[in-house]
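Work through these exercises with the sequence and the structure side by side. Try each task before you read its solution.

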Amino acid sequence: MKCREIPEEAVIERIATLQAIPRHAFASDAANLVHFELDVDPEKARGGTFVIRSQRTGEVVYLGPYAPRVQIAANPSLQDDGGWDNLTFELLLPRPGLSCRWSTDLGHPFWTEAQRVRIKLMAPRHIDDQGLVHDYDVEILR
Amino acid sequence: MLQFPLNPAAVAAADAVILERTRGRYLTMAPDDAELRREWVRLYEEALARQGDRGAADPAEDRDPADLEEGCPCPEGGIIRRKNIIFIGSEIHYDSFWWKMMFMAPGATAASGGRPLRPADLTTVAYVPEGYTTLERLPLDAVRTAFGHEIVRLASSADIATVMNDLPDSEENGCPVHVRLQDVVFFSHGLPSQITLNYDGNGAAVTLDRGNLPTIRADAFVADGRLYSYACRTGNSSWWESFSSDAEAHPENSLAQRMADRFQITVYAFLTRTLYRDVLREPADSATLVQRLRDQRDGHELEVIPLSDEHEALPHPGLAETGSSWLGTGARGEGTNGFALWRRNGARALPVGASSPTGLSTSIRTFTPSSAGSED
């Protein structure tokens, strides 16, 4: 996790930048839903904007209020090649002016339909001896 | 005083002598190399003079005047001016003393005549400024002053094509002059088949991928052009983390192969991630460097702190403010917060292939144009 205290205007500017990134074209088939479970305390995230981005497609797959459970209907562009991807998570709080970002180098097969994915954002950040950044832990629950 | 652009043959002659003396190490702008730089200039000027002597002697050679086309000394197709481009990405992702300058160091060394580039008539250094302090950008000012290189800032993915397409045509004494790319190198973060020059940055993405590759001129390179990517996984088109063979990474569909096909050049790129750990320091020296920084930083947080004959710590307020000095965790616990490691001679080595994803060759792979030819 990389959290920084920044001015409210900078938080708003960052949200605007993220809003300008293309959104994922969600699948209409409910069978494609991937269920994410997140571990940030909802009280601490209240009033904030939470964003999930796919590094594979460069798209925003979620932008909205933080919730401990998020469902995303992935379309086939994310599901092919085993559904592997690198995800970046951001939490932006205009007040008190906080920007937190989690981006882990190792990819995971996030986009397998109907699976549950537990993301441990509160895990301590570390960089291993191969230079891989581990900002969060992933547990795939089929 | 050197005249730019430099004469490639004379550069090669001077390099040959100096490289033998330095056992293959290219000179840098560091004070330690001052004597050798003066020697290099002397050798260069001697080689240039020898070329001039040969040129003066030409009319005396036994030539048939009919072989000379009067008033048109142009080679067929005009004169080609060779241009190198060095791309340097931002480093926001690590947020670390150890890694902050991992792209700047090999970029500055390449711009000073170091590997992997061949001497060229023109050189451009294109970099993403986000996250670098003025002090951290000084190596680029140094190469502009020393070599006359053009320094360009990148702010969007489109800027990559703009820089690579900057190949003006002109005319000299009635002869057309064309600028073409010779060697291009990327020192940057990367994802499979994406060179992400502003990875994790707050600003716009600055990315070269298979989608925007066609915005770069297919005829941008000379026939023996080369492109090097030291970004992660440019030669890999899969997002898997484990493979049983190189073929599973489908390098034939990768950005590296597409570039080889489009430009009809040789591309060097990795299937794996790339490891920059040893670019700035010998890992065994890490503890000593940390101890010297801890010993000297109190009261000098905004000053450059010498750490060894080679290394210094550049002040960077806000960098790596992670963890707790009291608990001994993170960069604050290590005592490296607020500084970026720099090596005065630039990079000590090029990046290498890392061990992830697993099951892939870690050496740099050569991509040549496929029989299918270029794509548009």
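**Exercise 1. A hairpin in chain A**

How many residues lie between β6(A) and β7(A) in their hairpin, and which residue in the turn has a positive phi?

Solution. Start with what you are looking at. This is a predicted model, in which local features need pLDDT of at least 70, side-chain atom pairs count only at pLDDT 80 or more, and totals for chains, interfaces and linings use all residues. Residues are numbered from 1 along each chain as its sequence is written, while chains are lettered from A and ligands numbered from 1 in the order in which they are written.

Step 1. Find the strands. β6(A) covers residues 87-93, and β7(A) covers residues 98-103. Strands (E, at least two residues) and helices (H or I, at least four) are DSSP runs, numbered from the N terminus.

Step 2. Check the pairing. β6(A) and β7(A) pair in the antiparallel sense over six bridges. Two strands pair if DSSP finds at least two bridges between them. One pair of bridge partners is Phe89(A) and Trp102(A).

Step 3. Read the turn. Four residues lie between the two strands, and Gly97(A) has a positive phi of about 90°. Pro96(A) is in this loop too. The peptide bond from Arg95(A) to Pro96(A) is cis, with omega near 20°. Most residues other than glycine have a negative phi, and most peptide bonds are trans.

**Exercise 2. The other partner of β7(A)**

Find the strand that four bridges join to β7(A), and state its confidence.

Solution. Step 1. The strand is β1(A), which runs antiparallel to β7(A). Here Arg4(A) stands opposite Ser99(A).

Step 2. Turn to pLDDT, the predictor's confidence in each residue, from 0 to 100. In chain A the lowest confidence is in β1(A), at a mean of 83, and the highest is in β3(A) (residues 49-54), at 96. The mean for chain A is 90, and 100% of its residues reach 70 or more.

**Exercise 3. Asp135(A)**

Is Asp135(A) buried or exposed?

Solution. Step 1. Locate Asp135(A) in the loop between β10 (133-134) and β11 (137-141) of chain A.

Step 2. Apply the rule. A residue is buried if 20 or more other C-beta atoms lie within 10 Å of its own, exposed if 12 or fewer, and partly exposed in between; C-beta atoms are placed from the backbone. Asp135(A) has 21 C-beta neighbours inside 10 Å, so it counts as buried.

Step 3. List its contacts. Two residues are in contact if their C-beta atoms, placed from the backbone, lie within 7 Å. Leaving aside neighbours within four places in sequence, Asp135(A) is in contact with Met1(A), Trp102(A), Ser103(A), Thr104(A) and Arg125(A).

**Exercise 4. Two helices of chain B**

Which residues of α3(B) and of α5(B) are buried?

Solution. Step 1. Take α3(B), residues 104-111. Eight of its eight residues are buried, so this helix is largely enclosed by the rest of the structure. They are Met104(B), Ala105(B), Pro106(B), Gly107(B), Ala108(B), Thr109(B), Ala110(B) and Ala111(B). They pack against several elements of chain B, including β1 (79-88), α4 (134-147) and β5 (175-187).

Step 2. Look beyond the helix. Just after α3(B), Gly113(B) takes a positive phi of about 100°. In the loop between α3 and β2 of chain B lies Pro116(B). The peptide bond from Arg115(B) to Pro116(B) is cis, with omega near 5°.

Step 3. Take α5(B), residues 157-164. Its buried residues are Ser157(B), Ile160(B) and Met164(B). They cover an arc of only 45° around the axis, which puts them on the same side of α5(B). The arc is that of the directions from the helix axis to the C-beta atoms.

**Exercise 5. Positive phi without glycine**

Where is Asp200(B), and where is Ala320(B)?

Solution. Step 1. Asp200(B) is in the loop between β7 (194-196) and β8 of chain B. Its phi is positive, about 70°, although it is not a glycine. Asp200(B) is buried, with 20 other C-beta atoms within 10 Å.

Step 2. Ala320(B) is in the loop between β13 and α9 (330-334) of chain B. Its phi is near 55°. Ala320(B) is buried, with 23 other C-beta atoms within 10 Å.
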